[in-house]
Amino acid sequence: MRKRIQAGVSVFFILMMLHATLTVRAQEEQPTDDEVNAIAKKLYCPVCENTPLDVCGTQACIDWRTEIRLKLSAGWSEDQIIQYFVDQHGAQVLPEPPAEGFNLLVYILPLVIFLAGILVLVQALRTWRKPVEEESTTAQEVGDPYMSRMEEELRKRQEDV
Amino acid sequence: MTDQTMQNQEAQSGARGWGVFIAWALIIGILALLAFGLLEANRGPMRIGEPAPDFVLHTFDGDQIDTSTLRGQVILVNVWASWCTTCVYEAEDLEKAYQMYRDQGVVFLGVDWSDTETKALEYLQHYGITYLNGPDLGGRIYKDYRIKGVPETFIIGPDGLLSSMQIGAYASLDEIVRSIEVALDS
């Protein structure tokens, strides 16, 4: 009888220890708020524009954060979770549009505009300088005898001085 | 002025002409893009009589419904979300309307926007909704129907044109019935 009681007590303690170990492990596997928010801050609220998911208080965002937590618990990586949200809700959940397709214009156009601006500036600078050169060459090439004598006289005077 | 100088000047003016042409083409292209973007953003809600955009709904049950194959039938498209507080006002009335019209060839489709599947399924179960429902994958339906918030409901006539639309929740079952009857009569 005593042996049976001892065996029963032993089984009870073993079960208790097993339960405690499993509980601790389960708690360790739960993602922390920081881990959830690290991903949430890379996504944007679907309801309030321009509000990152980690600071948004709407029910939609709370549900999305819960979804992130569940995915993390299931072993999903950050990239997988973000891609899941893009597939489900569209690229507007991202802070900036992905550089593909029509969105490429967002990245290319500023550069094109900048280069076009430089081109226009260079052209404008050339145009501003040209008339001066043209005037001086024209005066020499016109061959007006009166102007030539005037210039000759001026040159001589400058040399004398 | 020598021939060489004249040729140089002609070449320079030709290059300048091309430069000006490219610059103008760029400016016009950018302005056209901006105008297109602004027009798209400010098109406002859909209008009655406008062709309703076709879409494929991937239901929570794993089926696919292509609205282009439902021509000749009246389709009610209800866009909702489980977190939407006003969606609940019409949830049970929509189910009642579905039960009334399911045998008359009226198709009810629920489009769940910006939601999680877990919450969406809980919502459907809670309000006893049995018609086809699925997520708006990639937010395409929301964009195509120029929706500004949930709930919004669109009733598409047998001809594929928008028969009526409800921005916000229906106030009563009668409102839903009246809208469906208009579409059936068209």
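The following dialogue works through selected features of a predicted model of two chains, A and B.

Me: What confidence values does the predictor give for the complex and for chain B?

Reply: The complex receives an ipTM of 0.78 and a pTM of 0.73. For chain B, the mean pLDDT is 92, and 98% of its residues reach 70 or more.

Me: How many helices and strands does chain A have?

Reply: Chain A contains six helices and zero strands, so that its pattern along the sequence reads α-α-α-α-α-α. Of its 161 residues, 12% are buried. Among the contacts in chain A with a separation of 6 or more, 41% link residues 24 or more positions apart.

Me: Which parts of chain A touch chain B?

Reply: The contact draws on 19 residues from chain A and 15 residues from chain B. On the side of chain A, helices H3 (59-73), H4 (78-89) and H5 (104-142) each supply at least two residues. The largest share, seven residues, comes from H5(A). By character, the residues on this side of chain A divide into nine nonpolar, six polar and four charged.

Me: How is chain B divided into domains?

Reply: The domain assignment gives domain 1 (1-42) and domain 2 (56-185). The C-alpha centres of these two domains of chain B lie 51 Å apart.

Me: How should one read the two faces of a strand, and which residues of S6(B) lie on each side?

Reply: In a regular strand the side chains alternate between the two faces of the sheet. In strand S6 (residues 152-156) of chain B, Glu152(B), Phe154(B) and Ile156(B) lie on one side, with Thr153(B) and Ile155(B) on the other. Both faces are covered, and five of the five residues of S6(B) are buried.

Me: Which strands pair with S6(B), and in what sense?

Reply: Strand S3 (residues 74-80) of chain B pairs with S6(B) in the antiparallel sense over five bridges; here Val77(B) has Phe154(B) as its bridge partner. Strand S7 (residues 162-167) of chain B also runs antiparallel to S6(B), joined by five bridges, and Glu152(B) is partnered with Ile167(B). S6(B) and S7(B) form a hairpin with five residues between them, and Gly160(B) in the turn has a positive phi of about 85°.

Me: Where is the cis peptide bond that precedes Pro151(B)?

Reply: The bond runs from Val150(B) to Pro151(B), with omega near 0°. Pro151(B) lies in the loop between helix H4 (140-144) and S6 of chain B.

Me: Which elements make up the β-α-β unit of chain B?

Reply: Strand S4, helix H3 (residues 117-126) and strand S5 of chain B make a right-handed unit of this kind. S4 (residues 106-112) and S5 (residues 132-135) run parallel and are joined by four bridges. Asp112(B) has Pro135(B) in S5(B) as its bridge partner.

Me: Is a residue with positive phi buried or exposed in the cases of Asn50(A) and Ser114(B)?

Reply: The two cases are best taken in turn. Asn50(A), which is not a glycine, has a phi near 60° and sits in the loop between helix H2 (33-40) and H3 of chain A. Asn50(A) is exposed because 7 other C-beta atoms lie within 10 Å, and the cut-off for exposure is 12 or fewer. Ser114(B), also not a glycine, has a positive phi of about 45° and lies in the loop between S4 and H3 of chain B. Ser114(B) is buried because 26 other C-beta atoms lie within 10 Å, and burial requires 20 or more.

Technical notes: Residues numbered from 1 in each chain as written. Chains lettered and ligands numbered in written order. Predicted model: local features only at pLDDT ≥ 70, side-chain atom pairs only at ≥ 80, totals over all residues. Pairing = 2+ DSSP bridges. Right-handed = clockwise from strand over helix to strand, strands pointing away. Contact = placed C-beta atoms within 7 Å. Nonpolar A, V, L, I, M, F, W, Y, C, P; charged D, E, K, R; others polar. Domains from an automatic or database assignment. pLDDT = per-residue confidence, 0-100.
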